[in-house]
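Reader: Hey, got a minute to go through the charged pairs in this one with me? I'd like to start with how accessible the side chains are.

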2 protein chains.
Amino acid sequence: MKIQGRHTRTIWQEPDGAIGIIDQTLLPHRFATVKLQTLEDVAHAISSMQVRGAPLIGAAAAYGMCLALRADASDEHLERAYATLLATRPTAINLKWALDEMLAVVRNRPREERLPTAWRRAAEIADEDVAINQAIGRHGCALIEAAAARKKPGERVNVLTHCNAGWLATVDWGTALAPVYTAHDKGIALHVWADETRPRNQGAALTAWELGQHGVPHTVIPDNTGGHLMQHGLVDLVIVGTDRVTATGDVCNKIGTYLKALAAHDNGVPFYVGLPSPTIDFTVSDGIAEIPIEQRGADEVATMTGRTADGRIETVRIVPDGSAVANYAFDVTPARLVTGLITERGVLPPARGALAQAFPERLTRSDQPRSVAR
Amino acid sequence: MKIQGRHTRTIWQEPDGAIGIIDQTLLPHRFATVKLQTLEDVAHAISSMQVRGAPLIGAAAAYGMCLALRADASDEHLERAYATLLATRPTAINLKWALDEMLAVVRNRPREERLPTAWRRAAEIADEDVAINQAIGRHGCALIEAAAARKKPGERVNVLTHCNAGWLATVDWGTALAPVYTAHDKGIALHVWADETRPRNQGAALTAWELGQHGVPHTVIPDNTGGHLMQHGLVDLVIVGTDRVTATGDVCNKIGTYLKALAAHDNGVPFYVGLPSPTIDFTVSDGIAEIPIEQRGADEVATMTGRTADGRIETVRIVPDGSAVANYAFDVTPARLVTGLITERGVLPPARGALAQAFPERLTRSDQPRSVAR
C-alpha cells in the first residue's frame, strides 16, 4: 500500500543481501526503515515487535533463515536458526509454518545450494502472502458491498476492527483490512472504527496511520467503545485478523477480540475474521484450552510512548509505583461467535469440515490433525 | 479510607468556609488538594474531573450550592447555580438528585437562613453517602465471603472491577470497592483485577492507587483482558459502580462496562453493581434508548499523561495527526446481564418491582416513574 503516495511493502531484500523492514515501534510518529544483517537481527526485530502481525512474522522468519544460511549453511546452524526464530513469539502459527517451509526446501540439499534455494522460497512466501491477501480482499469486499447495498443513500458502511491486521501486519494489503482497501479503491463509501488496542496501541498507532496514508476515512476509539457503538447501530460489520485459527474455527487474536465478538453476537452484527490459510493450525481443536497465550512485559501496560507537544518521543508511566501489572497478549474467540472466516479461497463457516474441505493439501502435511496422525 | 496511613475523605469544609478536594487529575503521581471558593470553582472542578464519580459529583454539587449562596442568596442566583452545576456533566444522576435536595431545603426559606441550611444539608448529603457506602460494603462483603467459602484453602477471591468506583469516587468507602475494603479489613484473602479504563485511565490511576494506599492486593490490566481471565477461571466476581441505574435495572457506567458484563454472562461469572440509591433514576426505563451518553474531548483519547523516568509529568500524543477520534464516556449494560444490585438496603435483582419495593419513598418524589406521574 502507499506511504506518502509511494507504494511500499513491509519487508524487502536490499541490494547487499540484507533485509529491509519498517521499524513499526516508531510509528505513527516517525517512519524509519532498518537493515537486518543477521539471524540475531531478525530474531530481535520479531521479539521487539519492529515487525509484527502473524503473516509478516512468517515472512520475516523465512528471511531470517536466509540470513542464517548466509553466515553458515551447516545442519547445526540450520537447526539453531530454526529454534532461535521459533522462540521469538509463541502464539502466531505462521511463524512455525514459514520455518517448516524453509526447513523442508533446504534440508536435503547440498550446502552450496541451500542459500539460493532459501532466498527463492522466502521471496515466494512473501509474494504468496501478497497474492493471498489480495484474494482475501476480493472475497471480503463482497461482504462490504452487500452491507453497502443495505444502507440508505449517502450512508457509509461502518467497519470496526481491532488491533492491526492491515498491510503493516502482512507483506502487503493486510488480512482484515484487505477487504477495506479493496472496497475503498472500488469507490464504496466506508468508514473504519479503529480500536486503539491497548496495551501496545497498534490500532491507534498502526491501523490509523496506514488507513490515513491510504486515505480511508476512520476514527480511533478506545477499546471500551465498540459495544456501545453496536448497541446504537453504528457498526455494520466487524473484521479482525488472527494469529492462529484452530481446525474447528476458534480464533486466537489480539487480547480483547473476544469481547468485541461477544458484543457483535449480542447485537446481531456480523463478525468476520480475515486470514491467510497458513494461519490455520490443523493440529489444534480447542483454542481456549490448547493455544499458548503469550504474556509480555509489564512496561507495555504500565508505560505509554508518544510524541510531546514539542515533538520529542517520550515514555510516561501511567500506573502507580508498586502496583502489579498483567499483560496477556491474545485471547481466543470461540467459533460459535464467528460469522465467517474470510480466506483466500472464500468466506468459510468456522467449522472443521469447511476448513478441511477448502484446504485439503494441509491435511497431508506435517501439520495434519491429530486424529489423522494417529 | 487511608492515604499514607491517615484517614481522609475526598471532600471537606475548610475552616474559612471554602471546600477542600483532592485534585484527582494529578493522581497517581502527585497527591494535591485544592480549595474551592466559588460556584465557578466547583463547576470547573466537576467538569474538568478534579472530582469525579457519581456520588462525589453529587456531594460536590451540594457544596457548590453553598458557595453560590455564600456569594448571593437571591432566588435568581440560586437558579443560576442550579443550572450551572447541572450542566457540568450530563450522565450521572446523583448530580441532579443532590441539586434537587439542596433546592428543596433552601427554596422556601428567608434569605438569611438559606446559607446555614444549605451547609447543614450538604454536610448531611456527604455523611449519608458515607453511611450508604458502609452499608453497601456490608451487603457486598457477604458475596465475597460466599465466594471465599467456595475457594480451595490458600486461594484468594478474585474480584474484577472497571473504572474507579472506590472511595475516590464517593465521599468515603466507595460503591463497587466498599465490599472489597470491608472484606479486606475482615481478613478475607482477595485480589482485585483493576481494568486500566481507557481513555482517562481511572483504573490505572485511581483504583490502583487507592487500593495500594489501603494495602489491598491488586493487578492492573488493560481493558481488553477481562474476557480472557474469565475464560480461564481467574475471576470469581465482577463488581462495578454506576452513574445511573434505570427503574428497570439497566446500568449506565463507564464505557466498556457492557463488554465485561457480556463476558461475565458468557462465562457464568456473577456480575454485580454497587450503588447508593440516589443513583437510581426512577424516571427512566430503557437505559440504552433514554440515558444521554456524554461525549468528551478527543484529547482524552489522543493523548496520555504520565510521569517520565526523571519525574516530570508529561502529556504525549498517541494517535496520528489527522486521525479522527471519538470519546463516548459511558455505556449501558442491560438488566438481563446484571446478577444483582448491591444497594444500602441489600442485594436486589435488577428489576422494577424489587427497586420500587426497596425504595418506596423515591416513588412519592419528583423523580417518580412516568407511569405513576401520568
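Reader: Lys151(B), buried or exposed?

Author: Lys151(B) counts as buried, with 18% relative accessibility. Keep in mind that this is a predicted model.

Reader: What's the cut-off there?

Author: Buried means under 20% relative accessible area, so at 18% Lys151(B) falls in that class.

Reader: And which side chain does Lys151(B) meet in a salt bridge?

Author: That's Glu155(B), at 3.8 Å from N to O. Glu155(B) is partly exposed, with a relative accessible area of 36%.

Reader: OK, over to chain A. What does Asp321(A) pair with?

Author: Asp321(A) forms a salt bridge with Arg317(A), and their closest N and O atoms are 3.2 Å apart.

Reader: Which class does each of them get, buried or exposed?

Author: One of each. Asp321(A) counts as exposed, at 53% relative accessibility, while Arg317(A) is buried, with a relative accessible area of 19%. The line for exposed is over 50%, so the 53% of Asp321(A) puts that residue in the exposed class.

Reader: Got another pair in chain A? What about Lys96(A)?

Author: Lys96(A) forms a salt bridge with Asp100(A), and the closest N and O atoms there are 2.9 Å apart.

Reader: Where do those two sit?

Author: Both are in helix 4 of chain A, which covers residues 93-106. Lys96(A) and Asp100(A) are four residues apart, about one turn of the helix.

Reader: How accessible are they?

Author: Lys96(A) is partly exposed, with a relative accessible area of 36%. Asp100(A) is partly exposed too, at 22%.

Reader: How many salt bridges over all chains?

Author: The count comes to 52.

Reader: Which residues are linked in a network?

Author: Asp310(A), Arg312(A) and Glu314(A), together with Asp310(B), Arg312(B) and Glu314(B), are linked in a network of salt bridges.

Reader: Switching topic: how does chain A lie on chain B?

Author: A turn of 180 degrees with a shift of 0.0 Å along the axis lays chain A on chain B, at an RMSD of 0.0 Å. The two copies are therefore related as by a two-fold rotation axis.

Reader: Which C-alpha of chain A is nearest the axis?

Author: The one of Leu259(A), 2.9 Å from the axis.

Reader: And what about the contact surface of the two copies?

Author: The same surface serves both: 100% of the contact residues of chain A recur in chain B.

Note on methods: Residues are numbered from 1 along each chain as its sequence is written. Chains are lettered from A and ligands numbered from 1 in the order in which they are written. This is a predicted model: local features need pLDDT of at least 70, side-chain atom pairs count only at pLDDT 80 or more; totals for chains, interfaces and linings use all residues. Side-chain values use heavy atoms; hydrogens and water are left out. A salt bridge is a side-chain nitrogen of Lys or Arg within 4 Å of a carboxyl oxygen of Asp or Glu. Buried means under 20% relative accessible area, exposed over 50%, partly exposed in between (1.4 Å probe, protein chains only). Copies are superposed by least squares on the C-alpha atoms of residues with pLDDT of at least 70 in both. Contact means heavy atoms within 4.5 Å.
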